[in-house]
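The following exercises concern the structure shown below. Please attempt each task before reading its solution.

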Amino acid sequence: MISEPAFDRLSAMFQRPDVTGTRYELVSVLGRGGMGVVYLARDTVLDREVALKIVERPHDEANEARILARLEHPGIVPVHDFGQLPDGRLFYAMKRVRGDRLDRWMASGRDRAERLGVFLRVCEAVAFAHAHGVVHRDLKPENVMVGEFGEVLVLDWGIAQLRNADCGMRIGERQPIAGTPEYMAPEQTRGDADVDHRADVFALGAMIELIADTVPVLAIARKARSADPAARYQDVQALAADVSRFLAGRAVDAHRERLVDRLARFGRRYRLPILLVLTYLVARMLLLGLFRM
């Protein structure tokens with residue numbers, strides 16, 4: 001049976017909120033989630049569109065806004081404003097992002113290099129968050145937006161948290177289990193207290209499996225998704241470096257090459273020079289043949 005407070009919060013999610021006293025006019029619903037509803041709104045002071053998130057869960061009221069406020073990076077949506085509605089719920093206004101979710105963007109026939117380039121930009125934003133003590137905990141293609149002009153933004157920091165050293169959790173203390181199952185690291189699904197930035201490395205490994213299916217990239221994904229955090233890439237920069245090596249035609253740390261793999265990689269990396277040399281040799285042989293006739 002649903003408690004009365006829970007029923008009230010659930011009902012509020014499907015009612016148009018009263019924004020009287022704020023600078024915003026609601027236009028439409030952009031999305032709904034466990035943490036609240038995001039509306040397309042107009043900032044009447046600056047006459048611009050914003051994404052207005054109204055948070056429904058009291059204990060998470062200021063979490064995402066507080067975390068986003070400390071993460072000023074081109075790959076992370078900035079917070080413009082924070083306040084309270086007449087009914088007591090908190091809201092915050094963010095940049096209005098136009099574009100496609102990563103999963104939809106990938107379905108539009110992008111080549112492997114372009115997909116991996118976008119993935120590296122996701123890694124840049126996540127690495128920046130880790131450097132500031134923030135673990136996202138819900139990385140997945142649906143939470144990445146590729147903008148109209150190629151910008152890449154990591155969204156939905158609603159269940160992000162500060163690393164244990166910053167949030168004061170005690171060793172052995174269990175955490176609430178939250179996230180998307182297919183992208184959650186084992187320690188996250190167990191609710192372990194020592195979940196750290198390597199849980200995001202695991203999720204990025206699950207994401208890259210969807211982006212490319214070549215042997216070296218799948219090896220990178222397997223390493224990132226190791227059940228043992230100590231066997232994964234120990235930070236996002238190391239994961240990104242291996243992807244960059246693959247894109248540059250170099251050997252990746254996660255994949256032990258056979259001779260045939262090395263030869264194939266060499267052929268891909270130096271395809272044009274090899275073609276030029278072969279063309280020269282064939283032309284020379286044809287000319288020699290003509291002179292002997």
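This is a predicted model, in which local features need pLDDT of at least 70, side-chain atom pairs count only at pLDDT 80 or more, and totals for chains, interfaces and linings use all residues. Residues are numbered from 1 along each chain as its sequence is written, and side-chain values use heavy atoms, with hydrogens and water left out.

**Exercise 1. The surroundings of Asp138**

Task: Determine where Asp138 is placed, whether Asp138 is buried or exposed, and which side chain joins that of Asp138 in a polar contact.

Solution.
- Step 1. Helices (H or I, at least four residues) and strands (E, at least two) are DSSP runs, numbered from the N terminus. Asp138 is situated in the loop that runs between β7 (134–135) and β8 (144–147).
- Step 2. Buried means under 20% relative accessible area, exposed over 50%, and partly exposed in between (1.4 Å probe, protein chains only). With a relative accessible area of 10%, Asp138 is buried.
- Step 3. A polar contact is a pair of N or O atoms within 3.5 Å; within protein, one must be able to donate a hydrogen and the other to accept it, and residues adjacent in sequence count only if both atoms are side-chain atoms. The side chain of Asp138 makes such a contact, of 2.8 Å, with the side chain of Thr180.
- Step 4. Contact in general means heavy atoms within 4.5 Å. When neighbours within four places in sequence are left aside, Asp138 is in contact with Asn143, Ile159, Gly179 and Thr180.

**Exercise 2. Two residues with positive phi**

Task: For Asp47 and Arg137, state phi and decide whether each is buried or exposed.

Solution.
- Step 1. Asp47 belongs to the loop between β2 (36–43) and β3 (48–55). Its phi is near 50°, a positive value in a residue other than glycine.
- Step 2. Asp47 has a relative accessible area of 57% and is therefore exposed.
- Step 3. Arg137, in the loop between β7 and β8, has a phi near 75°, again positive in a residue other than glycine.
- Step 4. Arg137 has a relative accessible area of 11%, so this residue is buried.

**Exercise 3. The nonpolar cores and Asn63**

Task: Name the residues with the most contacts inside the largest nonpolar core, and find what Asn63 touches.

Solution.
- Step 1. A nonpolar core is a set of buried Ala, Val, Leu, Ile, Met, Phe, Trp, Tyr and Cys residues joined through side-chain atoms within 4.5 Å. The largest one has 56 residues, and Phe119, Trp157 and Leu204 have the most contacts inside it.
- Step 2. Helix α4 (residues 112–131) supplies the largest share of this core, ten residues.
- Step 3. Another core, of twelve residues, lies apart from it and includes Val19, Leu26, Leu85 and Ala93.
- Step 4. Beyond residues up to four places away in sequence, Trp157 touches several residues, among them Asn63, Leu68, Ala129 and His136.
- Step 5. Asn63 is part of helix α2 (residues 63–69) and counts as buried at 14% relative accessibility. With residues up to four places away not counted, Asn63 touches Trp157, Gly158, Ile159 and Ala160.
- Step 6. Although 97 residues apart along the chain, Asn63 and Ala160 have C-alpha atoms separated by 7.8 Å.

**Exercise 4. Helix packing**

Task: Describe how α8 packs with α9 and how α4 crosses α7.

Solution.
- Step 1. Axes are lines fitted to C-alpha atoms, for helices over the stretch in contact, and angles run from 0 to 180 degrees between N-to-C directions. Helix α8 (residues 215–224) packs with helix α9 (residues 236–247) at about 175°, their axes being 10 Å apart.
- Step 2. Angles under 35 degrees count as roughly parallel, over 145 as roughly antiparallel, 65 to 115 as roughly perpendicular and the rest as oblique. Helix α8 is therefore roughly antiparallel to α9.
- Step 3. Pro216, Val217, Ile220 and Ala224 of α8 make the contact with Leu239, Asp242, Val243 and Phe246 of α9.
- Step 4. For α4 and helix α7 (residues 198–211), the axes come within 11 Å and cross at roughly 170°, so α4 is roughly antiparallel to α7.

**Exercise 5. Arg232**

Task: Establish whether Arg232 is buried or exposed and which backbone oxygen its side chain reaches.

Solution.
- Step 1. Arg232 is located in the loop between α8 and α9; its relative accessible area is 2%, so Arg232 is buried.
- Step 2. The backbone oxygen of Arg198 is reached by the side chain of Arg232 at 3.0 Å.
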